[in-house]
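Dear colleague,

I am handing over the structure we spoke about, and I would be glad if you opened it beside this message. My notes on what was found follow below it.

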Amino acid sequence: MSGIAPSILAADFANLQRDVEMLNASAAEYIHVDIMDGMFVPNISFGLPVCEAISRHAKKPLDVHLMIEQPDRYLADFRKAGASIMTVHYEACPHLHRTVQHIKELGALAGVALNPHTPVEVLTEILSEVSLILIMSVNPGFGGQKFIENTYKKISRLNQLRREGGYDFKIEVDGGVNLSNTPRLTEVGADILVAGSFVFSSENPSQTIQAMKNAQEI
Ligand code: DX5
Ligand code: ZN
């Protein structure tokens, strides 16, 4: 479980099928699907019907990032809409352990995301239960933002906790990821790189994905 997860948030929503097929044929490992509710984050993206439509054409697992309040209400629905990985925010889940169990009971891989200001240490008691930790490297809500430099330090610390505890969760990083920060992110321990605008605003998205994957593998 490592590789590039292009974010469909930066795709052309009027040509979703075309863009999903491009990702199918590319070196992408996952398709990152950003769900925003206008409450947890100050933006609304899209919801269940669009996720389901993406899933109908996708040949890669859907990595669904739920930037929503009280995500438990929708876990079963997103699972039905094709989610393979469901990631909830630590900041949106007062009963995170229960929420993680819920995701696993639905047969999906469970992930937990952290906002930039939240230290990785708050996750100590849940690390043995999850498949993925998503480190936000921008404040969630919008694509195309600038990468926050403190993220390297945070990923290093999480990687150290993983080593010390002998855990096998993957570390994903999301926001402002591009070809220039890929090598250092990989070096400090990030396994899965989410990239939206860098991929979709490039001239040849498929080549860009391949270039990022190559940079990750050096
Ligand atoms: C931000 C989303 C990201 C976003 C990344 O809230 O979670 O997944 O699509 O976009 P870029 O790569 O453009 O920063
Ligand atoms: Zn995301």
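Which residues does Asp-174 touch, not counting residues up to four places away in sequence? With that limit, Asp-174 touches His-65, Leu-134, Met-136, Ser-137 and Val-194. Please keep in mind while reading that this is a predicted model.

Asp-174 sits in strand β7, which covers residues 170-174, and Asp-174 counts as buried because 26 C-beta neighbours lie inside 10 Å, where 20 or more are required.

The UniProt record, in an unreviewed entry, gives Asp-174 a further role in the annotation, since the feature "active site" is placed there at Asp-34 and Asp-174. These two positions span 141 residues in sequence, yet no two of their C-alpha atoms are more than 10.5 Å apart, so they gather at one spot.

The UniProt record also lists, again in an unreviewed entry, His-32, Asp-34, His-65 and Asp-174 under "binding site". Although these residues are spread over 143 residues of sequence, they cluster in space, with 10.5 Å as the largest C-alpha distance.

Two of the listed residues can be found by looking at strand β2, for His-32 has its place in this strand, which runs over residues 31-36, and Asp-34 is found in strand β2 as well. His-32 is buried, with 28 other C-beta atoms within 10 Å, and Asp-34 is buried too, with 24 other C-beta atoms within 10 Å.

Their contacts, once more not counting residues up to four places away in sequence, are worth following one by one on the screen. His-32 touches Ala-5, Pro-6, Ser-7, Ile-8, Asp-63, His-65 and Val-194, while Asp-34 touches Ser-7, Leu-9, Ser-45, His-65 and Met-67. You will see that His-65 appears among the contacts of His-32, among those of Asp-34 and among those of Asp-174.

Finally, please turn to ligand 1, which has 22 residues around it, and of these Ser-7, Pro-140, Gly-143, Gly-196 and Ser-197 come nearest. At least two residues of the shell around ligand 1 are supplied by each of β2, β8 (192-195) and α7 (197-200). By character, the shell around ligand 1 divides into nine nonpolar residues, 11 polar residues and two charged residues.

With kind regards

Key:
Residues are numbered from 1 along each chain as its sequence is written. Chains are lettered from A and ligands numbered from 1 in the order in which they are written. This is a predicted model: local features need pLDDT of at least 70, side-chain atom pairs count only at pLDDT 80 or more; totals for chains, interfaces and linings use all residues. UniProt positions are given in the numbering used here, feature names are shortened, and annotations may be inferred rather than shown by experiment. Helices (H or I, at least four residues) and strands (E, at least two) are DSSP runs, numbered from the N terminus. A residue is buried if 20 or more other C-beta atoms lie within 10 Å of its own, exposed if 12 or fewer, and partly exposed in between; C-beta atoms are placed from the backbone. Two residues are in contact if their C-beta atoms, placed from the backbone, lie within 7 Å. A residue is near a molecule or strand if its C-beta atom, placed from the backbone, lies within 6 Å of it. Ala, Val, Leu, Ile, Met, Phe, Trp, Tyr, Cys and Pro count as nonpolar, Asp, Glu, Lys and Arg as charged, and the others, Gly among them, as polar.
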